[in-house]
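Biologist: I am new to this one. Please show me the model, and then let us go through it by question and answer.

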There are 4 protein chains.
Amino acid sequence: MSSSQDSPDRPLTERGARTREKLLAAAREVFEERGFPDTRIAHIAERARVAYGSFYTYFPSKQAVFLELADRLFAEMTDRGALPAGRSPAARIRRANRAYYEAYLRNARMMAIVEQVATLDEEFQELRRKHRARSITRTARALRRWQREGLMPGDLDPELTARALAAMIDHSLYLGIVQGDDPPDTERLLDTLDLLTHRALGLPAETGSGGLG
Amino acid sequence: MSSSQDSPDRPLTERGARTREKLLAAAREVFEERGFPDTRIAHIAERARVAYGSFYTYFPSKQAVFLELADRLFAEMTDRGALPAGRSPAARIRRANRAYYEAYLRNARMMAIVEQVATLDEEFQELRRKHRARSITRTARALRRWQREGLMPGDLDPELTARALAAMIDHSLYLGIVQGDDPPDTERLLDTLDLLTHRALGLPAETGSGGLG
Amino acid sequence: MSSSQDSPDRPLTERGARTREKLLAAAREVFEERGFPDTRIAHIAERARVAYGSFYTYFPSKQAVFLELADRLFAEMTDRGALPAGRSPAARIRRANRAYYEAYLRNARMMAIVEQVATLDEEFQELRRKHRARSITRTARALRRWQREGLMPGDLDPELTARALAAMIDHSLYLGIVQGDDPPDTERLLDTLDLLTHRALGLPAETGSGGLG
Amino acid sequence: MSSSQDSPDRPLTERGARTREKLLAAAREVFEERGFPDTRIAHIAERARVAYGSFYTYFPSKQAVFLELADRLFAEMTDRGALPAGRSPAARIRRANRAYYEAYLRNARMMAIVEQVATLDEEFQELRRKHRARSITRTARALRRWQREGLMPGDLDPELTARALAAMIDHSLYLGIVQGDDPPDTERLLDTLDLLTHRALGLPAETGSGGLG
DNA sequence: GATGAATGAGTGTTCATTCAT
DNA sequence: TATGAATGAACACTCATTCAT
């Protein structure tokens, strides 16, 4: 996953690479603690234990560090590497939803900041669109396969369906976890999302599963 | 006898009321054009053709005008006053979705700013939560009725379901209209949302409807 | 004691006079509560239960109300009307000091504001100088008489002595009462001031009085 | 590694230290010329020939520079380092009064501002109280010694006496020098203060001194 | 007289970024 | 590279005073 940031002009020395990573880690911490607008370069430098000016040795701007952090984050959030294929649609949906939920929880604070920056920064919006598109495409591909295999009715547009369901999952987690629209019974929420997804896609009922109890 | 210096939230004279409305209208315009952080009080005052200080005669802060605008907006967005009751669930969902979509389109620019401020301002988040909760409650009530009437399976939690589906609609419209994640064929998007909602809720198929063509 | 303020241009109606007094009383209250710089015309008007603009019907500025209040205050502070003459110097000093102390206590808050404005406002300084001079002159006259009567050594300049002792009393009370340089045992403080004054003036010892012991 | 943005009260480099001193000197000049409330940070920066923002590199606020200047000033005003001990009380009083007077003259403009800020700023009042207390304690110690040595009657409370006499000197100089309550014959004023102090303390008459001529 | 709306100049402080060392 | 000092434009908010009704 190539970064949308240009790499620093010259290859870094060993020491430079370490300083750069320190700055990235520090930036993430501070962003999480204070949000994007309230983060000062001074905070990041201080946290990384480098001089103020050193920040600009490695990043051209506050926006730039964030973009790089977000790029890594998006990669992790949509990484399905570990998911075993070849299961039933229901199982795959459940696995994917749980995996996404786990990742969301792990990165909840950053996801809040991501949402923040998404409303403020055009360049960042572009980055996010790209990631989203990639993810949607992948999902749409699976839907199309299920349609071909007769597991799912053909009257749903795979692209739009993928988009809508992703929006449902994403925004539900955002509101539930980040915005804390009353702290929900997470298990029930996830079960509901699975079930809604399952039924919305018109997938065959699984024996003995999917109910919310 | 409240001081006129401490922004008498309710103007005492006809003239004052007029000025206040001018300011609200101007604020909305400027917010839409420049976003919340880039809006200057000077812009608002200028647009309203009043002196700089007059803004503060009626609003204690930039945040305050926005809060009032958003409050009105939310009221409009969730106003279901005109929707005829007593239709089939499918018809009601379709009507509600279309109505919401129309409202969204009418207020697209403001909705973008709303999302922006939602990530920045805690007090605003609270206001929004309240509106959302009211809307969710209303939807959940309908779902429960449909469950009682046997139109919808009982294994779905009405509350969580309402939340999830609202998230789907809301965020789909946000991404499609505000963020412009490729300009979509709106009709197809809406049809997809209707259909997904319909199936997710396990509603009885309507003869001659629901297909996306 | 004529005010340094011009009276309002036209004689007031009965009602006007009442409003004016309400404003004066309100102003004093607010000044005492918030100090001069932090007092807003709005506060005064509100407290007096008149409209904002009405303040300016009776006073040309914030400074002007304060000047008038201070003028009255100074008159009260230095009013020796009730002090019986013809006592021994020691007794007169003690009476004067006590009377001044009583007045100071009664008006402590205003005295604080007076000190404040004295550092900020030239016109007010002038007013104060005038009052002080009058008071000093009166004291110096007494000192001169005591010198003529042989009760007090002639090597002290009556004018400068009066000034210095007034400064001692005044500033001691200011620091003790207004600035609260540790809350003193007032009785002991007053006794000390009496005794110091008495000795500084070289007055004949009084039998059985004046000790602090 | 403290942030350079959060006003590193102690500059880390030689250059920084120089800039800081330039700002202090400039601030003193401007305060003296315009008084505290009318001093703008812009004036200070301009006078120091540094950029506006550089002020905030070294001081967090206007109040803060003033506090530091006042702290230095108080130290100088009450520095009795050079006063030879072991003289007669009369001589010591005279020396101390003259020394204080010299210092007062040298710093007259600042003393005016000090008085101003003392009425406006609570934190500054605290600083001043501390300095005053230190000074009073020192004087009281001397008085107590004189009492033990039988040079001064024991019926005076040393603490309160020190306070009262300091108030006399201080306020007399303030009114005479700062407020210019008619430009006095300074020599006569000082002689009067010496004499009053001497007699108030009941010190033994010195042969050939103490008269005002 | 009384009311309260209208005015707009004024200012402390922030902070991303640049630069000299 | 590393450091930390220097820069200065930008902005929300205040409030005494004026003025139209």
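Biologist: Which element gives the most to the surface near DNA strand E?
Modeller: This is a predicted model. Elements that give two or more residues to this surface include α1 (14-34) of chain C, along with α2 and α3 of chain D. Chain B adds α1 (14-34) and α3 (52-58). The most, four residues, comes from α3(B).

Biologist: Which residues come nearest to DNA strand E?
Modeller: There are 42 residues around the strand. By class, 17 are nonpolar, 18 polar and seven charged. Those that come nearest are B:Leu12, B:Ala51, B:Gly53, C:Ala51 and C:Gly53.

Biologist: Where on helix α2(D) do its buried residues fall, and within what arc?
Modeller: Helix α2 of chain D covers residues 41-48, and its buried residues are D:Ile44, D:Ala45 and D:Ala48. Seen down the helix axis, they line one face, because they fall within an arc of 95°.

Biologist: What covers the buried residues of α2(D)?
Modeller: Take the helix end before the cover. D:Arg49 follows α2(D), with a positive phi near 60°. The cover over the buried residues includes two elements of chain D, α1 (14-34) and α3 (52-58).

Biologist: How many helices does chain A have?
Modeller: Chain A holds 213 residues, and 35% of them are buried. Among its contacts with a separation of 6 or more, 65% join residues 24 or more positions apart. Along the sequence the pattern reads α-α-α-α-α-α-α-α-α. With zero strands, the secondary structure comes to nine helices.

Conventions: Residues are numbered from 1 along each chain as its sequence is written. Chains are lettered from A and ligands numbered from 1 in the order in which they are written. This is a predicted model: local features need pLDDT of at least 70, side-chain atom pairs count only at pLDDT 80 or more; totals for chains, interfaces and linings use all residues. A residue is buried if 20 or more other C-beta atoms lie within 10 Å of its own, exposed if 12 or fewer, and partly exposed in between; C-beta atoms are placed from the backbone. Two residues are in contact if their C-beta atoms, placed from the backbone, lie within 7 Å. The arc is that of the directions from the helix axis to the C-beta atoms. A residue is near a molecule or strand if its C-beta atom, placed from the backbone, lies within 6 Å of it. Ala, Val, Leu, Ile, Met, Phe, Trp, Tyr, Cys and Pro count as nonpolar, Asp, Glu, Lys and Arg as charged, and the others, Gly among them, as polar.
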